[in-house]
Amino acid sequence: MSPVVEPLSWMLGTWLSEPPGAGTFPTLQPFRYLEEAHISHVGQPMLNFSFNAFHPDTHKPMHRECGFIRLEPDTNKVAFVSAQNTGIVEVEEGEVNGQELCIASHSIARISFAKEPHVEQITRKFRLNSEGKLEQTVSMATTTQPLTQHLHVTYKKVTP
């Protein structure tokens with residue numbers, strides 16, 4: 001592993017949601033989902049990630065996103081670059097402090113035929129809790145709603 005990404009090594013592995021994640025937003029019915037998170041490295045100064053969500057009962061694929069997490073060398077500044085199957089591409093930036101990563105959207109792009117309302121802002125927090133589980137909380141704002149918590153999921157590590 002590149003020493004540049006050592007401060008993020010606590011995120012590495014394959015993680016499965018346990019219990020199912022919970023989603024809510026003022027314009028949506030509350031929902032549950034299963035998710036597999038795979039966070040890895042190939043020796044470059046970045047981590048690779050993929051998040052694959054599935055319906056908890058039918059296991060039908062739902063949301064998918066993949067990308068990269070980069071650290072600015074010799075700092076705690078982090079960039080998170082994500083492409084999603086909904087047609088959104090995000091760049092989020094923030095900081096890693098110990099076993100917590102907090103990031104917020106720096107730029108959001110979308111395909112020309114993305115459904116409305118459009119996402120205008122995203123924040124995420126990842127943290128390794130005291131039980132060794134990875135938690136992710138995502139909040140978003142759209143053209144019609146202010147920044148509101150949208151997702152929360154807790155993952156159990158299944159492979160290093």
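# Aromatic pairs and Thr 142

User: How many aromatic pairs does the structure hold?
Analyst: The structure holds five aromatic pairs. Rings of Phe, Tyr and Trp (its six-membered ring) pair if their centres lie within 6.5 Å; planes under 30 degrees apart count as stacked, over 60 as edge-to-face and the rest as tilted.

User: What about Phe 31 and Tyr 33, and why that label?
Analyst: Their ring centres are 6.0 Å apart and the planes stand at 40°, so the pair is tilted.

User: And Phe 49 with Phe 51?
Analyst: That pair is tilted too, because the planes are at 35°, with the centres 5.1 Å apart. Ring pairs also link Phe 49, Phe 51, Phe 80 and Phe 126 into a cluster.

User: Hang on, what kind of model is this?
Analyst: It is a predicted model, in which local features need pLDDT of at least 70 and side-chain atom pairs count only at pLDDT 80 or more, while totals for chains, interfaces and linings use all residues. Residues are numbered from 1 along each chain as its sequence is written, and side-chain values use heavy atoms, with hydrogens and water left out.

User: Back to Tyr 33: buried or exposed?
Analyst: Tyr 33 is buried, at 4% relative accessibility. Buried means under 20% relative accessible area, exposed over 50%, partly exposed in between (1.4 Å probe, protein chains only). Phe 31, at 25%, counts as partly exposed, and both Phe 49 and Phe 51 are buried.

User: New topic: where is Thr 142?
Analyst: Thr 142 lies in strand 10, residues 134-142; strands (E, at least two residues) are DSSP runs, numbered from the N terminus. With 7% relative accessibility, Thr 142 counts as buried.

User: Which residues does Thr 142 touch?
Analyst: Leaving out residues up to four places away in sequence, Thr 142 touches Phe 25, Pro 117, His 118, Val 119 and Glu 120, where contact means heavy atoms within 4.5 Å.

Technical notes. Helices (H or I, at least four residues) and strands (E, at least two) are DSSP runs, numbered from the N terminus.
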